[in-house]
Amino acid sequence: MDKHRRWTYSITKLVFWATIFAGTLLFVCFRSSPPSHSATMKWGSSNNTPQWEKRVRLSARSRSGHLSVLVTGAAGFVGSHVSAALKRRGDGVVGLDNFNSYYDPSLKRARQKLLEQRGVFVIEGDINDEKLLKKLFDIVEFTHVMHLAAQAGVRYAMKNPGSYIHSNIAGLVTLFEACKSANPQPSIVWASSSSVYGLNSKVPFSEKDQTDQPASLYAATKKAGEEIAHTYNHIYGLSITGLRFFTVYGPWGRPDMAYFFFTKNILKGNPISVFKGSNNKTVARDFTYIDDIVKGCLGALDTAEKSTGSGGKKKKNAQLRVFNLGNTSPVPVTKLVSILEKLLKQNITKSAKHHLDVNENLTMAHLAGLHKNRNYYFSAQICYLWSLPKRKKQCTEFYAFWQMKRINY
Ligand SMILES: O=C(O)[C@H]1O[C@H](OP(=O)(O)OP(=O)(O)OC[C@H]2O[C@@H](n3ccc(=O)[nH]c3=O)[C@H](O)[C@@H]2O)[C@H](O)[C@@H](O)[C@@H]1O
């Protein structure tokens with residue numbers, strides 16, 4: 001009897017500790033798994049249906065002689081403008097976006113809604129999802145890929161370095177792999193960045209300049225992307241064009257960019273800080289209006305030669321290009337601030353002025369008018385509306401109105 005009781009006791013103890021161990025293991029696994037994009041899961045489970053495929057095909061359908069383009073990052077700032085422009089001129093467009101929460105995803109959803117009204121299907125999925133990419137290339141013979149999905153932002157790289165590796169390096173490689181294996185191979189145009197010029201001091205920046213001094217991890221991942229592009233072009237014959245964007249601004253812009261949060265802070269009476277560069281000079285940027293970027297993207301797609309590979313080998317050398325998409329006259333950030341001050345003057349409060357960390361001696365007169373001032377005004381309006389949650393609906397309508405009226409590439 002005693003023996004039996006001891007045996008039962010041992011089994012119970014074993015079961016107890018095994019349960020504790022399994023529970024702990026599950027808990028640890030659950031806690032330490034990398035944040036997954038719900039988007040990717042969604043595609044795999046319920047959206048991969050005949051209806052889904054039909055939507056993809058319909059969205060990719062182009063007028064005869066036009067392009068069929070997969071746009072990654074389609075719910076992003078540049079991606080949504082480019083997708084709309086392509087669709088408008090008769091190209092087939094399928095969008096892909098992971099709707100991550102780097103900034104308010106409802107802004108991305110609002111862009112998606114507008115695109116869907118124009119017949120562009122934006123799939124919720126990640127560029128690291130090999131299966132999804134393969135599926136898309138199986139369903140559609142894309143002539144081109146406009147690759148705009150990326151982890152953007154220069155300063156956020158210090159907070160979340162892994163996200164830059166995930167999107168700008170791993171994601172780029174996964175996409176290139178899918179393109180190289182596709183039959184026929186598409187031509188690729190993708191977003192690099194002016195940040196690759198890093199610590200270079202010679203201006204204006206030229207594509208011929210050496211770019212080996214990145215000043216941020218973001219810049220380093222974009223530079224790495226350019227080298228990776230070279231490799232895929234060299235080995236597999238992919239036709240690849242890299243576009244170095246210079247601080248793009250405009251309606252539907254990214255809230256993490258300076259013109260957005262400067263406006264928000266000025267309106268709220270909060271302080272803003274303007275960074276200083278070398279020699280204690282205010283930093284300057286080639287602010288580039290979104291319409292010009294869209295023209296550059298479309299021009300790059302239209303002039304891209306075909307890829308030359310198939311079955312993992314190239315038949316002959318393929319095109320490899322890099323272009324700056326910017327201006328040659330950097331604008332000091334203090335000038336941006338003065339324009340915002342001027343445009344927002346009815347809203348600006350004394351305290352905000354006191355807090356402004358800009359050079360007080362700056363003569364406003366010679367700073368008059370950034371290229372296309374009016375658009376800063378719109379951006380300021382958008383920012384203001386967006387900053388008030390209860391007015392989000394109105395904000396979306398404002399966006400929609402703006403989009404309908406203004407964009408005509
Ligand atoms: O085109 C590019 O290469 C890059 O442009 C922007 O990066 P950035 O130029 O730093 O844009 P903003 O964050 O809007 O900053 C604009 C300027 O304001 C300055 N700034 C920013 C924030 C701040 O608090 N104070 C300040 O002076 C920045 O140093 C920069 O000179 C984008 O965020 C990048 O994703 C993009 O690749």
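UniProt positions here use the numbering of this text, feature names are shortened, and annotations may be inferred rather than shown by experiment. Residues are counted from 1 along each chain as its sequence is written. The model is predicted, so to speak of a local feature we need pLDDT of at least 70, side-chain atom pairs count only at pLDDT 80 or more, and totals for chains, interfaces and linings use all residues.

**Exercise 1. The annotated span and the whole chain**

Find what UniProt places at residues 69-306, and work out how far apart the end C-alpha atoms of that span lie.

*Solution.* Start with the record: the unreviewed UniProt entry puts the feature "domain: NAD-dependent epimerase/dehydratase" at residues 69-306. Next, take the two end C-alpha atoms of residues 69-306, which are 13 Å apart. Then run DSSP, where helices are H or I runs of at least four residues and strands are E runs of at least two, numbered from the N terminus. That makes the span 42% helix and 16% strand, while the chain has 14 helices and 13 strands.

Now count contacts, meaning pairs whose C-beta atoms, placed from the backbone, lie within 7 Å. Of the contacts in the chain with a separation of 6 or more, 80% are between residues 24 or more positions apart.

**Exercise 2. The largest nonpolar core**

Work out which residues touch the most other members of the largest nonpolar core, and where this core sits relative to the two domains.

*Solution.* First, burial: a residue is buried with 20 or more other C-beta atoms within 10 Å of its own, exposed with 12 or fewer, and partly exposed in between, with C-beta atoms placed from the backbone. By that count, 40% of the 409 residues are buried.

Second, cluster: a nonpolar core joins buried Ala, Val, Leu, Ile, Met, Phe, Trp, Tyr and Cys residues through C-beta atoms within 7 Å. The largest core has 81 residues, and Val69, Met146, Val189, Cys297 and Leu301 touch the most other members. Helix H10 (residues 290-303) gives the largest share of this core, seven residues.

Third, place the core: domain 1 (38-247 + 286-325) and domain 2 (250-285 + 329-370 + 372-409) both contribute residues, so the core lies between them. Those bounds come from an automatic or database domain assignment.

Finally, zoom in on valine 189: beyond four places in sequence, Val189 touches His144, Met146, Thr241, Leu243, Cys297, Ala300, Leu301 and Ala304. A second, separate core has seven residues, including Tyr164, Val196, Tyr197 and Tyr218.

**Exercise 3. The ligand shell**

Describe the shell around the ligand by class, and say why it lies where it does with respect to the domains.

*Solution.* Collect residues whose C-beta atom, placed from the backbone, lies within 6 Å of the molecule. You get 17 residues, of which Ala152, Ser193, Met257, Ala258 and Phe275 come nearest. Sort them: Ala, Val, Leu, Ile, Met, Phe, Trp, Tyr, Cys and Pro are nonpolar, Asp, Glu, Lys and Arg charged, and the others, Gly among them, polar. The tally is 10 nonpolar, six polar and one charged. Domain 1 and domain 2 both supply residues to the shell, so the shell lies between them.

**Exercise 4. Odd backbone angles**

Locate the cis peptide bonds before proline 184 and proline 204, and find where the positive phi values of phenylalanine 99 and tryptophan 252 sit.

*Solution.* The background: most residues other than glycine have a negative phi, and most peptide bonds are trans.

- Asparagine 183 and proline 184 are joined by a cis bond with omega about 5°; Pro184 is in the loop between helix H7 (161-181) and strand S5 (187-193).
- Valine 203 and proline 204 share a cis bond too, with omega about -5°, and Pro204 lies in the loop between S5 and H8.
- Phenylalanine 99 has a phi of about 50° and sits in the loop between strand S2 (92-97) and helix H5 (105-117). Phe99 has 19 other C-beta atoms within 10 Å, so it is partly exposed.
- Tryptophan 252 has phi near 70° and is in the loop between strand S7 (248-249) and helix H9 (258-268). With 23 neighbours inside 10 Å, Trp252 counts as buried.

**Exercise 5. Around glycine 95**

Decide whether glycine 95 is buried or exposed, and list its contacts beyond four places in sequence.

*Solution.* Glycine 95 lies in strand S2. Its 31 C-beta neighbours inside 10 Å make glycine 95 buried. Its contacts are Val71, Ala74, Ala75, Gly79, Ser83, Leu115, Val120, Phe121, Val122 and Ile123.

Technical notes:
Contact = placed C-beta atoms within 7 Å.
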